[in-house]
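This report describes selected features of one molecular structure, arranged by topic. Please consult the sequence and the three-dimensional view while reading.

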Amino acid sequence: MDKLVVAGGISLRGRVAISGAKNASLAILCAAVMAGELVTLENVPDIRDVQVMVDILRSLGAQIHRTTPSGSLRILMTEPPAQMPPYHLAKQLRASNLLLGPLVARFGRAEIPLPGGCNIGTRPMDLHFKGLTALGAQLSLERGTVVARAAGLEGNRVYLDFPSVGATENIMMAACLAQGQTVIENAAREPEVVDLANFLNCLGARVRGAGTDVIKIEGVDSLGGCLRYAVIPDRIEAGTFMVAAAATRGEVILENVIPRHLEPLIAKLREAGVEIEEEEDRIRVRASGPLSPIDIKTMPYPGFPTDMQSQMMALLSTIPGTSVIVENIFENRFKVVDELKRMGARIKVEGRLAVVEGVERLQGACVRATDLRAGAALVVAGLMAEGETRIGNVVYIDRGYFNLEQKLKMLGARIWRTSSEADAPAQNGTARKSAMV
Ligand code: EPZ
């Protein structure tokens, strides 16, 4: 199993280009099965979750080709799926459930194994079921597979008890091919929902209001293709690099970003004393002196993103004073705490609340990623720590970050991937000369 080795103590400096958004790409790939003609997507990151989603779509009979390493994907799906996605693929990511709406809307039937993904909570699908049922689909759970059937969908009004990103996306996609108008109330407002809506409208759908808590969709008979659609930049990858720059007291310029999507994080980093300059598609992050402890509450967008909670916890673990983190979105998203404590962090968890007492410096140790963003947090911690940190379960990190080591190395980090099982980190901080990538 691969490990990432990080030699801490180097301030990151330089420029980094941010890749396309994982969570927008996954939803848009699912929406592409509704297109009756060729779809070309740009800026889709070649990360593991995208590779798995491409394999799932191919298993449904879609023709998909990645035209260039830069991320362009060409997709064509003309026939109903001959089979349902294989369990070993669908279980690898939560977003496989986003195929329910598109398949039942276009082909009248969908069979999706209950999804997998990061184990950060129970992650039920009741709101997905509520919305698709409201549009006239019959849903059932048969031997671990969600089966959806519909002779045709009818527009309806759906109120979401919680502004679920996935449920909003599934209902919005299905509603595009329903008869009449659908209104989604208390809809998720995340930028990835807006990007999906823009893509659907590129196919000829009629979606209005995405980005607000009320989305209206006028159903159409069919959807066409899209010659070129570019996915938005990944705000969570960008946020991860911003936090890493602050944690190492460096100075980094992020390129290919949409600063507006990062407002909640920018506000919190500024509150801690990080200097941030926003330009049209760039952000400069700089930290030199001492930073201040802050309190964070994760909320649906435009609140502080839950996907940045673990990375911020790593940063706060070495800021003198007491910081409090409340995780309001997922009930089990503090698993990184045990790993950070192995590095000397002082964190106390009570339910959805974590109290972080900043320590002078973390110590490099052997740790393992427990989910995607926890893995990213351990990289941030390793960049700050004294000595080497060896991070296991790197496959979690590869799910959501494209070329992470290479991008960090370009900023001066000493980070490399190794498959060696030797676990003892070097004591004096000199990097082991194992397989350098
Ligand atoms: C999406 O997950 C993202 N994943 C997650 O990113 C992100 O953390 C999350 O939205 C919140 O922003 C993708 O887009 C592929 P939710 P999703 O439905 O859609 C509860 C990452 O690291 N809920 O908004 O699954 C649920 O239990 C990943 O990139 C219900 O109760 O999130 C959770 O507590 C992790 N019933 C809350 O809503 C439902 O039917 C938020 O879930 C659906 C959700």
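## Ligand surroundings

A polar contact is a pair of N or O atoms within 3.5 Å. In this predicted model, a polar backbone atom of Pro-124 lies 3.4 Å from an oxygen atom of the ligand, so the pair falls within the 3.5 Å limit for a polar contact. Two side chains also approach ligand oxygen: a polar side-chain atom of Ser-164 is 2.7 Å from an oxygen atom of the ligand, and for a polar side-chain atom of Arg-373 the corresponding distance is 2.9 Å. The protein buries 89% of the 840 Å² that the ligand exposes when taken alone.

Around the ligand there are 22 residues. Those that come nearest are Asp-126, Leu-127, Ser-164, Asp-307 and Ile-329. Ser-164 is thus one of the nearest residues and also supplies the side-chain contact at 2.7 Å.

## The three-stranded sheet

Strands S6, S8 and S7 form an open sheet in the order S6-S8-S7, and their pairing is antiparallel. Because strand S6 (109–113) and strand S7 (138–142) stand at the edges with a single partner strand each, one side of each is left without a neighbour in the sheet. From one strand to the next, the twist averages 15 degrees.

Five bridges join S6 to strand S8 (residues 145–149) in the antiparallel sense. Glu-111 has Val-147 in S8 as its bridge partner. Helix H4 (residues 100–107) lies across S6 and S8, and its direction is at about 155 degrees to that of S6.

## The four-stranded sheet

A further open sheet consists of four strands in the order S17-S18-S20-S19, with mixed pairing. Its edge strands are strand S17 (295–297) and strand S19 (346–350), each of which pairs on one side only. Neighbouring strands of this sheet are turned against each other by 15 degrees on average, direction ignored.

The pairing of S19 with strand S20 (residues 353–357) is antiparallel and runs over five bridges. Here Val-349 stands opposite Ala-354 in S20. Helix H10 (residues 309–316) lies across S17, strand S18 (322–326), S19 and S20, and runs at about 170 degrees to S18.

## Salt bridges

The structure holds 25 salt bridges. One of them joins Glu-185 and Arg-157, whose closest N and O atoms are 2.6 Å apart. This pair links distant parts of the chain, with Glu-185 in strand S10 (residues 181–185) and Arg-157 in strand S9 (residues 157–159), 28 residues apart.

## Backbone features in loops

Two loop residues may be noted for their backbone geometry. The peptide bond from Tyr-301 to Pro-302 is cis, its omega being near 10 degrees. Pro-302 is placed in the loop between S17 and H10, and that loop therefore joins an edge strand of the four-stranded sheet to the helix lying across it.

Asn-43 has a phi near 65 degrees, which is a positive value in a residue other than glycine. Asn-43 belongs to the loop between strand S3 (39–42) and helix H2 (48–59).

Key
Residues are numbered from 1 along each chain as its sequence is written. This is a predicted model: local features need pLDDT of at least 70, side-chain atom pairs count only at pLDDT 80 or more; totals for chains, interfaces and linings use all residues. Side-chain values use heavy atoms; hydrogens and water are left out. Two strands pair if DSSP finds at least two bridges between them. Helices (H or I, at least four residues) and strands (E, at least two) are DSSP runs, numbered from the N terminus. Axes are lines fitted to C-alpha atoms, for helices over the stretch in contact, and angles run from 0 to 180 degrees between N-to-C directions. Contact means heavy atoms within 4.5 Å. A residue is near a molecule or strand if one of its heavy atoms lies within 4 Å of it. A polar contact is a pair of N or O atoms within 3.5 Å; within protein, one must be able to donate a hydrogen and the other to accept it, and residues adjacent in sequence count only if both atoms are side-chain atoms. Accessible areas come from the Shrake-Rupley method with a 1.4 Å probe; for residues, only the protein chains shown count as cover. A salt bridge is a side-chain nitrogen of Lys or Arg within 4 Å of a carboxyl oxygen of Asp or Glu.
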